[in-house]
Amino acid sequence: MQNFDFQNPTRIVFGEGTIAQLSTLVPPAAQVLVLYGGGSVTRNGTLDQVRAALAEGGTRTVHEFAGIEPNPSFETLMRAVAEVRERRIDFLLAVGGGSVIDGTKFVAAAALLPPEEDAWTILQTHGRSITRALPLGTVLTLPATGSEMNSGGVITRRATHDKLGFMSPHTFPRFSVLDPTRTYTLPLRQVANGIVDAYVHIMEQYLTYPADAMVQDRLAEGLLRTLVDIGPRALSEPQNYAIRANFMWTATLALNGLIGAGVPQDWATHMIGHELTALHGIDHGRPLAVVLPALLQVRRDAKRLKLLQYAERVWDLREGSEEERIDAAIARTRAFFESLEVPTHLSAYQLDASAIDPLVAQLEKHGMTRLGERRDITPAISRSILEAAL
């Protein structure tokens, strides 16, 4: 196991009816800005519950900022930054999924920059330039990204088709409220995307090379098997509390730092997937289902030992040659995504070989030229992965 330094300060308040606890979680005299996306949190009553809770137990002044889009845009978020500065907001509350939470973290950091400083530097430095941020909390409505219990975010600049990530110890949420009933009315497409996203988050930290991290491996394998078990039921039984609760908690644990502590990590699938989203507008989660099986095929030799472990421990594949077991594990992974009605080929999005050059050019533009757990995935190998994904 590699050396590591792990700390996660986010408090999790989990279960049905827990939104009411915002009355004590948010400081009683705060100037609060509630940030959210479209109309779903209004239609399903979540926003009303948030408003009611914030009206209790204090003298808070509450403002709202709507319209944070999927793959949150720098342009929209800078309007929120202007509002934070104008109204002298001192606490942010994200109500939504990973996009809203990612965007709120960015706003928390960007709002405290000197007005003359370009906030895009937060993304250009991947968060290293952040020295402070406003406190924030979250109310999670869409399990997927794990952003409710980590310090990272991904922001898109529409004008230039740039999609970049950041992390900072200053942008951990103070708390996150997770009420599984808030997921009952989600569109099934979003639920499926979230299952894929959580699955690939785990794979990025697990399926690399052996590091004698027995605890992390078993935790990761348990989370993967949980998603395999509950994934289809999360779609067919949308109001099954136990299923949605386990999905929500699995997605949080997938990227709160625990299973990634002391192990090598890959993240090439996400970096390539981000470019598919940025250039072609494919909702996050879906590009990952396209890239991961292709990446496993192209990188099967470099990942051989962990692929065999994955085959045995997640898919119970113990018969046949090593090559046959690896083939079967990759096929099972692809079939799992397809069972959620998430396509695993670029052709499903009307993309052919002509799309590959611009995607590779974007990776090079963003410095993504040494990807993977060994930093040996060059643009040429990324091209091979995209070709295998056609």
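What follows describes one helix pair and one cavity in a predicted model. Residues are numbered from 1 along each chain as its sequence is written, and side-chain values use heavy atoms, without hydrogens and water. Local features need pLDDT of at least 70, side-chain atom pairs count only at pLDDT 80 or more, and totals for chains, interfaces and linings use all residues.

Helix H7 covers residues 188-206 and packs with helix H12, residues 304-313; helices are DSSP runs (H or I, at least four residues), numbered from the N terminus. The angle is about 135° and the axes lie 11 Å apart, the axes being lines fitted to C-alpha atoms over the stretch in contact, with angles from 0 to 180 degrees between N-to-C directions. H7 is therefore oblique to H12, a term for angles outside the ranges under 35, 65 to 115 and over 145 degrees.

On the H7 side, Tyr 199, Met 203 and Tyr 206 meet Lys 306, Gln 309 and Tyr 310 of H12, where contact means heavy atoms within 4.5 Å. This contact has four nonpolar, one polar and one charged residues (Tyr and Met count as nonpolar, Lys as charged, Gln as polar).

Met 203 also helps line the largest cavity, together with Glu 204, Leu 207, Asp 266, Thr 269, Leu 292, Leu 295, Leu 296 and Lys 303. A cavity is a set of points on a 1 Å grid where a 1.4 Å probe fits but cannot get out, and lining residues have an atom within 4 Å of a point. The volume is about 40 Å³, meaning the space filled by probe spheres set on the points. H7 and helix H11 (286-298) each give two or more residues to the lining, and H11 has the largest share, three residues.

Methods: On a 1 Å grid over the protein atoms alone, a cavity is a set of points where a 1.4 Å probe fits but cannot get out, and a pocket is an open set with protein on both sides within 12 Å along at least five of seven lines; lining residues have an atom within 4 Å of a point.
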